[in-house]
Amino acid sequence: MKYWAYFAGKLTAIGLLLAALWFGARLVVPRAEHAFVDERLNYDMKNVTLAYGFCLLAAGLLYTAVWDQRYRCRTCLRRLRMPVERGDWGRTLLVGRPHMEYICTYGHGTLKVPELQFAGKEPNDWDQHQDMWKELETPRR
Ligand SMILES: [Zn+2]
């Protein structure tokens with residue numbers, strides 16, 4: 001829940017930033033006299049360029065927000081650290097498919113990001129650790 005609330009907060013902040021930027025840009029570049037852009041797209045280049053740049057900025061900010069969210073701990077929201085390569089490209093059947101593992105430094109979980117994708121984009125796999133530190137503290141027999 002905290003994870004998704006943080007993501008919603010980021011999206012809200014991005015929305016407010018984009019709204020402020022759009023409002024500011026509209027003060028600098030006044031609205032075109034006609035509501036619609038000409039079919040030839042050269043009727044009002046200032047507004048077309050402004051809309052194009054604004055859409056690029058919005059897409060970039062959204063992509064960055066989603067990318068950042070994917071590499072955060074689902075429990076404490078800290079950035080996942082210590083990337084480790086697992087698997088082997090040459091021995092996929094013996095060792096496993098190559099993937100990158102990121103871990104929360106507080107032991108909440110591990111994110112497995114596959115590097116080999118057979119059938120399109122595969123989702124990342126988040127493994128929640130129950131109590132990793134307890135497991136490590138238990139003496140071996
Ligand atoms: Zn964590």
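**Exercise 1. Determine whether Asp-68 is buried or exposed in this predicted model.**

Solution. Asp-68 has 12 other C-beta atoms within 10 Å. A residue counts as exposed if that number is 12 or fewer. Asp-68 is therefore exposed. As to its place in the chain, Asp-68 belongs to helix 2, which covers residues 45–70. A further detail concerns Arg-79, which lies 11 residues from Asp-68 along the chain; the C-alpha atoms of the two are separated by 8.2 Å.

**Exercise 2. State what secondary structure the protein chain contains and which pattern it follows along the sequence.**

Solution. The protein chain has 4 helices and 4 strands. Read along the sequence, these elements give the pattern α-α-β-α-β-β-β-α. Two figures describe the chain as a whole. Of its 141 residues, 4% are buried. Of the contacts between residues at least 6 apart in sequence, 36% join residues at least 24 apart.

**Exercise 3. Describe how helix 1 and helix 2 pack, and classify their relative direction.**

Solution. Two packed helices are described by the angle between their axes and the distance between the axes. For helix 1 (residues 2–28) and helix 2, the angle is about 165 degrees and the axes are 11 Å apart. Angles over 145 degrees count as roughly antiparallel. Helix 1 and helix 2 are therefore roughly antiparallel to each other. The crossing of helix 1 with helix 2 is right-handed.

The next step is to identify the residues that meet. Helix 1 contributes Phe-7, Lys-10, Leu-11, Ile-14, Leu-18, Trp-22 and Ala-25, while helix 2 contributes Leu-50, Phe-54, Ala-58, Leu-61, Leu-62, Ala-65 and Gln-69. By character, the residues of this contact comprise 12 nonpolar, 1 polar and 1 charged.

**Exercise 4. Establish the order of the strands in the sheet and explain why one side of strand 1 and of strand 4 is left without a neighbour.**

Solution. The sheet is open and consists of 4 strands in the order 1-2-3-4, with antiparallel pairing. Strand 1 (81–86) and strand 4 (125–128) stand at the edges and have a single partner strand each, so one side of each lacks a neighbour in the sheet. On average, neighbouring strands of this sheet are turned by 20 degrees against each other, direction ignored.

One pairing may be examined in detail. Strand 2 (residues 99–103) and strand 3 (residues 109–114) run antiparallel and are joined by 5 bridges. Ile-103 stands opposite Thr-110 in strand 3.

Notes:
Residues numbered from 1 in each chain as written. Predicted model: local features only at pLDDT ≥ 70, side-chain atom pairs only at ≥ 80, totals over all residues. Pairing = 2+ DSSP bridges. Helix = DSSP H or I, 4+ residues; strand = E, 2+ residues; numbered from the N terminus. Axes fitted to C-alpha atoms, helices over the stretch in contact; angles between N-to-C directions. Buried ≥ 20, exposed ≤ 12 C-beta atoms within 10 Å, placed from the backbone. Parallel < 35°, antiparallel > 145°, perpendicular 65-115°, else oblique. Left-handed = near helix turned anticlockwise from the far one by under 90°. Contact = placed C-beta atoms within 7 Å. Nonpolar A, V, L, I, M, F, W, Y, C, P; charged D, E, K, R; others polar.
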